[in-house]
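Hello,

Here is the structure we talked about handing over. Please look through it first, then read the notes below.

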Amino acid sequence: MTTESAEHPFPELEAAATGVGSMPGTDAREAVRTVVGELEALPHLPELPARGPGADMVGRGAGLLVELYAQVEPSGWRFADRPGRDTRRAHSWLVEDLDALEEFTQGRSGPLKVQAVGPWTLAASIELKHGEKALADPGACRDVAGSLAEGLRRHLADVRRRVPGAEVVLQLDEPSLPAVLTGQVPTASGFQRLRAVDRQVAEDVLRQVVGAVDAPVAVHCCAPGVPIALLRRAGAAAVSLDASLLTERDDDAVGEAVEAGTVLLAGVLPGTDAPLSDPAGSVAVVRRLWRRLGFAPESLARRVVVTPSCGLAGASPAYARRALSRSVMAARSLADTPE
């Protein structure tokens, strides 16, 4: 198997599991305690969207922007001239989450994942002052990407200051990217669709953000049609996706990515309350993929990190804890029983 590394390779892990990001509830300390307790190899900073606007994926992303501000309108998030209550609330909740992370990771060293919305999903989710989404304006998209890149640099520096032993990994959440590339993002009115973004432009913008942070970057997308090759060319060290949505049409892109050194964060457990199969059964879809690609089974545990299929915000607290625990057991089964 030939490999080529991203500028910042993903940490070398074996039989590892992690969460996608969001967790149920509103208690930051409880969420961090659960994540750090269950996910020893690769814990992550939980997001708690149940707290309301500013704690959601888009609101947190808006709060990370530098010299760009957004507020909640009846239609959703919209850019504003100055920081207001919603920006202050987003900042406050992030500080609360980081305080909890710092408390429960004292003395920890090793990989630690933080999540932030990616530039294209952010541009597809926030409206300009005149009411249309930022995605409709190429200049606005560039401004969003540049502001986000600077905000992420500051955010990761803060995480490293609080958890000095952490090997920080950044996950960019891009659930809207396939729709951005295929012209399926609705206009603000909802009656039409915005024009598709050229794939080269999309790749260049992602590369700008990935290249701005001094950390390995995973890009998460739980929608069908994840542009795996584009993400790899943009510098992603890992791709996070819902493994149940992969088809044989994706085999070439997945195979090329794995051969190039890209790590696969494979979502294999339901993100909401549902019966869970045994650990080995949970990763059966990944084993089948590996057999189709002709890769050595022994490489599975090193090249695949097991996750739920998406965030766990819609799950019950008990199920969320069980899903993370089961992810860890499923990851171990890849090492204990490769075939």
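**Cavities and an aromatic pair**

In this predicted model, Ile228, Val239, Val254, Ala257, Val258, Thr262, Val263 and Leu264 form the lining of the second largest cavity. Two elements each give two or more residues to that lining: helix H9 (251-259) and strand S7 (263-269). H9 gives the most, with three residues. Sorted by class, the lining of the second largest cavity holds seven nonpolar residues, one polar residue and no charged ones. The space inside comes to about 50 Å³.

The search covered the whole structure and found three cavities of 30 Å³ or more. The largest cavity has about 60 Å³ of space. Its lining is made up of Ala223, Pro224, Gly225, Val226, Ile228, Leu241, Asp242, Leu245, Leu246 and Asp250. By class these are seven nonpolar, one polar and two charged residues. Ile228 appears in the linings of both the largest and the second largest cavity.

The other topic is aromatic rings. A pair of such rings is described by the distance of the centres and the angle of the planes. The count here is one aromatic pair. The ring centres of Trp290 and Phe295 are 5.2 Å apart and the planes are at 65°, so this pair is edge-to-face; the cut-off for that label is over 60 degrees. Are the two residues buried or exposed? Trp290 is buried, with a relative accessible area of 2%. Phe295 is also buried, at 11%, because buried means under 20%.

Regards

How values were computed
Residues numbered from 1 in each chain as written. Predicted model: local features only at pLDDT ≥ 70, side-chain atom pairs only at ≥ 80, totals over all residues. Heavy atoms only, no water. 1 Å grid on protein atoms, 1.4 Å probe; cavity = no way out; pocket = protein on both sides within 12 Å on 5 of 7 lines; lining within 4 Å. Points joined across faces, edges and corners; volume = space filled by probe spheres on them. Nonpolar A, V, L, I, M, F, W, Y, C, P; charged D, E, K, R; others polar. Helix = DSSP H or I, 4+ residues; strand = E, 2+ residues; numbered from the N terminus. Phe/Tyr/Trp six-rings, centres within 6.5 Å; stacked < 30°, edge-to-face > 60°. Buried < 20%, exposed > 50% of the residue type's maximum accessible area, 1.4 Å probe, protein only.
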